[in-house]
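Visitor: Please take a close look at how one pair of helices packs in this structure, and then follow the chain outward from there. Plain terms and numbers are enough.

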Amino acid sequence: MPTPPTSKSAKGARHALRVVALGFACIAACAFGVVSCAEEPAPKSADRIILIVVDTLRRDHVSAYPNAKAKTPSIDHIASTGQTFTNAVSAFHATTMSMASLFTGLTPSIEAGSNRQSVKWNTFVACGMSRFSEDGGKKICIPSSVPTLAEDMKRAGYWTLGVVANELLYRPSGYDRGFDEWVEIGLPGPGEERNIFESSPMRTAKHVNHDLEQALASRPSDHFFLYAHYLDVHDYDLFERDYAKSVEQFDRWLGKMFDMLDANGLLDRATVIITSDHGELLAETYPNQNTGKHFGNPSFQPVLDIPLIVSPATNRPSDQFTRSQDIRGMIQEMAGLPQAVPKELGPDELFISEMFFQTYRDGRWKSQWPRTQGAPHLYDLVNDPGEKSDLAREPSQEHAATLRAHRIRIDELSRQLATHASQAPALSDEDRERLRALGYIETTDDAFGMKSGSKSSDAKSRE
Ligand SMILES: [Zn+2]
């Protein structure tokens, strides 16, 4: 049993009930343009869907999971009233890519047309959706041609509120599309300059909770979709805190937020989803590790394994392989909407299109392929979850066949998920300066010459 909660949030969450689909048949028809919904009455229920994203939260630091390295009673209590997914992974090891995936249900990709071509890093923020964009993803991360989760929810009759503390999600990137109200935490005051590379104590959970409460106080409806994105755990490094302690401290603030919702009766008949956008590397080291922290290259499991807790329970199996892009469909289901997201990957597949590697997983087998030179790596995640034994070094016949099959599939996905390379704009001077400041490029002459080893460890990125 999960640790009993210490906060009042426990009581309210205990009464959480699954969303009741009212009038969704018409809403679904509306979504497909079958009927006009202009005169549909507003939903009469007070159902709510609450999506909490804890930036950089590793699954093994949530005590709803066995042998956790931190205690998280507030999260655990939500888990005790619902379902803990044991096999959830991030679509990518960076905020912009994974959140673009969660919001669209699509696979983020920085493929450029063929598997060995240079990656076109179109701008500082890669969101992996530029293949749908007219401008190659230069200005807007989530192209307007791609429907979003918030638009789904709005169409289903929910009032939509987003409260986000990660600047990479701020306007005009497109993550706000579909939200009736979109609150960006820690914006500079009048006359102050906005600098996304600097940490800010104004972006803590205290401020998220405060602004969230304020926004809810003037809600036009009790029937809402709330998305809150917290940055406290991510900032453990910037504020030189212990990771586990940061998680525990954040959990207390999350408990306060649930207390507030409970006090306002907003946890009744609510569905709560708690997850993260990606994990983090801590003490782990690997022979072929290229970078530290959560930047992947390649993507080992600590940067991919994420918690996923849903209350009340869904009808999906708890061990179902669930990627960031699958969460959109899960929430559509909760709202009674049809799942109309194209399936780009098989149910057991994961494809991570990185700058220096392509990482592919099919069930238990995971391979990592350097883009430019070097041999691939192969891991058996069932027998070797710590990815210590590279089976590609002296492959058996079975392992060699697995590698060949992965290569063929990667080539196929690479073509399928290619960016519109012809539309990829050149780096602007401003982008080039940002990349250099973050350690991505060494000289101004080295166009797209990303330094192998990638981001410097002290880069103050928000990913
Ligand atoms: Zn992140």
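Guide: A helix axis here is a line fitted to C-alpha atoms over the stretch in contact, and the angle between two axes runs from 0 to 180 degrees between their N-to-C directions. Packed helices are described by that angle together with the distance between the axes. The model is predicted, and what follows is to be read on that basis.

The pair in question is α3 and α7, the latter covering residues 243–263. Their axes lie 7 Å apart and meet at an angle of about 55°. An angle under 35 degrees would count as roughly parallel, and one of 65 to 115 as roughly perpendicular; α3 and α7 are therefore oblique to each other. On the α3 side the contact is made by Pro 73, Ser 74, Ile 75 and Ile 78. On the α7 side it is made by Asp 251, Leu 254, Gly 255 and Phe 258. An α-helix has 3.6 residues a turn, so residues three or four places apart point the same way.

One residue of this contact can be followed in more detail. Ser 74 sits in helix α3. Once its neighbours within four places in sequence are left aside, Ser 74 touches Asp 251, Leu 254 and Gly 255. Those three residues are among the ones that α7 brings to the helix contact. Ser 74 has a relative accessibility of 7%, so it counts as buried, the limit being under 20%.

Going back along the chain from α3 leads to the metal site. The loop between β1 (48–54) and α3 (73–80) holds Asp 55, which is one of the protein donors of the zinc ion. The donor atoms are OD of Asp 55, OG1 of Thr 95, OD of Asp 277 and NE2 of His 278, at 2.0 to 2.2 Å from the ion. The angles among the 4 donor atoms run from 93 to 128°, and the site is tetrahedral. For comparison, the ideal angle for four tetrahedral donors is 109.5 degrees. Along the sequence the donors follow the spacing D-x39-T-x181-D-H. Asp 55 and Thr 95, 40 residues apart, link distant parts of the chain, with Thr 95 in helix α4. Both of these residues are buried.

Helix α4 (95–104) also marks the start of the next stretch of interest, the loop that runs from α4 to α5 (149–155). A search of the whole structure gives 1 disulfide. The disulfide joins Cys 127 to Cys 141, with an S to S distance of 1.9 Å. Both cysteines lie in the loop between α4 and α5, 14 residues apart. Cys 127 has 5% relative accessibility and so counts as buried. Cys 141, at 7%, likewise counts as buried.

Between β6 (224–230) and α7, the chain passes through a loop that contains Glu 240. The phi of Glu 240 is near 55°, a positive value in a residue other than glycine. Glu 240 counts as exposed because its relative accessibility is 75%. Another glutamate, Glu 387, has a phi near 55° as well. Glu 387 lies in the loop between β13 (377–380) and α10 (397–416). With a relative accessible area of 1%, Glu 387 is buried.

Further backbone details lie away from the helix pair. The peptide bond from Arg 171 to Pro 172 is cis, with omega near 10°, and Pro 172 belongs to the loop between β4 (159–164) and β5 (181–184). A cis bond also runs from Ser 311 to Pro 312, where omega is near 0°. Pro 312 is in the loop between β8 (308–311) and β9 (322–323). Helix α9 (residues 324–334) is mostly covered, with 10 of its 11 residues buried; among them are Ile 327, Met 330 and Ile 331. Just after α9, Gly 336 takes a positive phi of about 80°.

As for the whole protein, the secondary structure comes to 11 helices and 13 strands. Of its 463 residues, 58% are buried. Of the contacts with a separation of 6 or more, 71% are between residues 24 or more positions apart.

Technical notes
Residues numbered from 1 in each chain as written. Predicted model: local features only at pLDDT ≥ 70, side-chain atom pairs only at ≥ 80, totals over all residues. Heavy atoms only, no water. Disulfide = S-S within 2.5 Å. Helix = DSSP H or I, 4+ residues; strand = E, 2+ residues; numbered from the N terminus. Buried < 20%, exposed > 50% of the residue type's maximum accessible area, 1.4 Å probe, protein only. Donors = N, O, S within 2.8 Å, 3.2 Å for Na, K, Ca; no water. Tetrahedral: all angles 85-135°; square planar, octahedral: opposite > 155°, others 65-115°. Parallel < 35°, antiparallel > 145°, perpendicular 65-115°, else oblique. Contact = heavy atoms within 4.5 Å.
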